[in-house]
Every structure is written in structure tokens, then in C-alpha cells.
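Work through the following exercises with the model open. Each task is followed by a solution in steps.

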Amino acid sequence: MADKRPSRKARERSDAPPSGEALARYYDLDLESEPLDLDMYLAFAAAAGGTVLELMAGTGRIAVPLAMAGHRVTAVDNDPFMLARAATRWQRTSAGARKGGALDLVEADVTRLKLGKRFDLVIVALNGLLLLDRAAQTQTLECITHHLKPNGRVVIDVWLPQPDDLALYDGRLMLDWTRIDAETGQRVAKTTAARYEAAARTARISTFFDAWNEGESPARTSRRDTVNFLNQDELERLADDAGLVVNTLAGDYEMGHFGIDSDRLVMVCSRQTR
């Protein structure tokens, strides 16, 4: 069940001193086993055949491979530590492997983003929309419409938890994984404690990363996230209010059938015609 939990960057940091660099590194370590969505975005980018905008792009897990595939990508995030890792990832890519692609990294709040240009494809991947409050979710969909070309497409991916998933959100502390951080050589353990508030349909998740060398006491880095869940109807209503029309609803990254028992929603939209 732990693998299903929204895994995104920190919005609040509680340890002293807080380490944005460490949290960005642990974000990559957390997604060491990728969620298998990259091929889907490569296919959408190839079909769009133009410019790509990724919102809440994190460390460039998607943006860098898209740029390497020859696309002109703008990646936006409000976390400078995440963007620094994206820049390093891109810089380590040889010019010969980039296939003519380009990557522009922008540090900005997506709810107030004004880039002054429009894109053929806009991406909000891996539950990014759920890490925003209700007002910010609305503003982000409006931002997408503002930056989308008339014939462009937007792809939004969100998790739809089932009752069994939310049953674990009762405050219990759970060990998600223990891994070796190849960059430091340390062993890192990730534990989480989550509490679901049914009335608000939100979850407050505390995540702890304990890192240690053999024979030493662990050093803890933590974060707290509030997840604001959306169901199909709410997401479609947000899209409609923002001036988008839903083209496709899929239940997985192979664009398979979306049904009542789907635990993921991949929504593809275009701009409404006036």
C-alpha cells in the first residue's frame, strides 16, 4: 500500500536545520522504482510534436527524458533544490544524447505563472495536483488553460484511493522502505504516518527519512504534506470551469479502461472552442 501514497516534494519541513537538498535527494530515492508513467508522456509528447510545459516538475524525472528525446521542455517548480537536481541531471546528459531537445527550468508558483507563451502539451504528473489546496487546484487548471495552445493537450494524473487504502490512514507509523543512497553511501529508511479526514477528504501525511552510516546514530529529515483528494466528477468540473474539455479518461499509464474500481485517473483535455 505504501507505494500508492502520493509521493511528491516537501511543502513544509519540521527538522532543525531543515535540509531542502536532502529532501530533494530522498525524493529521487523514493521514486527509485519509477511509477512507469514515462513512456506515456513520451508518447504524448511525440504526438504533440511541439513544446512541452510540465508543472510541479520536481527533479526532472519526466522533463529531462522528454528533452533528451528531442522536445523543447519548460519545467516549472517552486522548490529550488528540486530544480537544482533537474539542472544537474540535464547537465550530465551529453550533447549527443539530447537529440536537439532543450530544457528551460523555471522557479515559480504554478498558481501565478505567466510565461507569456503557449504550449502544445501541458503535464501535471504523479498526484501533483493533489498537493495543492482547493483554491490552488482551481488556479492551476486556469493556469493550464492560459498556457495551452488552441490545439494543445493537457495530461493530469491523480491517485483515486480505495477504502482499503484510506483505512491505513489512521495515524499509525509505517515503514515504507529501507534503501542505500548511492550518492552518500548511507542507509536510508522511510517511514510515514497519515491521518485521513473524511469530511474534508484530505489526508495529512508526515514522512520521516532516517539516514545513517554503519555504527552511527541516524539523522532524521522530515516533511509534512496535506493531500486534497479529487474524484472524477470534481476533476472534470475543475477542467470545465477552467475552459477545458475532457477528451479521454484512462485508468492506467497504458491508457486502459477507466472504471468505478480504478485507483488512478489519467485525464486528457483540450481547450474549449468558443
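**Exercise 1.** Determine which residue forms a salt bridge with Asp28, and what parts of the chain the pair ties together.

Solution. A salt bridge is a side-chain nitrogen of Lys or Arg within 4 Å of a carboxyl oxygen of Asp or Glu. Asp28 meets this rule with Arg85, their closest N and O atoms being 2.8 Å apart. Next, place the two residues: Asp28 lies in helix 1 and Arg85 in helix 4, so the pair ties together parts that are 57 residues apart in sequence. Helices (H or I, at least four residues) and strands (E, at least two) are DSSP runs, numbered from the N terminus. Both Asp28 and Arg85 are buried, where buried means under 20% relative accessible area, exposed over 50%, and partly exposed in between (1.4 Å probe, protein chains only). Finally, extend the search: Asp28, Arg85, Arg89 and Glu183 are linked in a network of salt bridges.

The model is predicted: local features need pLDDT of at least 70 and side-chain atom pairs pLDDT 80 or more, while totals for chains, interfaces and linings use all residues. Residues are numbered from 1 along each chain as its sequence is written, and side-chain values use heavy atoms, with hydrogens and water left out.

**Exercise 2.** Decide whether helix 1 is largely enclosed or not, and name the elements its buried residues pack against.

Solution. Count the buried residues: 10 of the 11 in helix 1 (residues 20–30) are buried, so the helix is largely enclosed by the rest of the structure. Among them are Leu23, Arg25, Tyr26 and Asp28. Then list the partners in contact (heavy atoms within 4.5 Å): helix 4 (80–91), strand 6 (170–180), strand 7 (187–197), strand 8 (202–212) and strand 9 (219–228).

**Exercise 3.** Find the salt-bridge partner of Glu234 and locate both residues.

Solution. The partner is Arg201, with the closest N and O atoms 2.8 Å apart. Glu234 is in helix 7 (residues 232–241) and Arg201 in the loop between strand 7 and strand 8, 33 residues apart. Arg201 is partly exposed, with a relative accessible area of 24%.

**Exercise 4.** Count the disulfides and account for Cys143.

Solution. Apply the rule that a disulfide is a pair of cysteine sulfur atoms within 2.5 Å. The count comes to 0 disulfides. For Cys143, the nearest cysteine sulfur, that of Cys269, is 14 Å away. Cys143 is buried, with a relative accessible area of 5%, and Cys269 is buried as well, at 0%.
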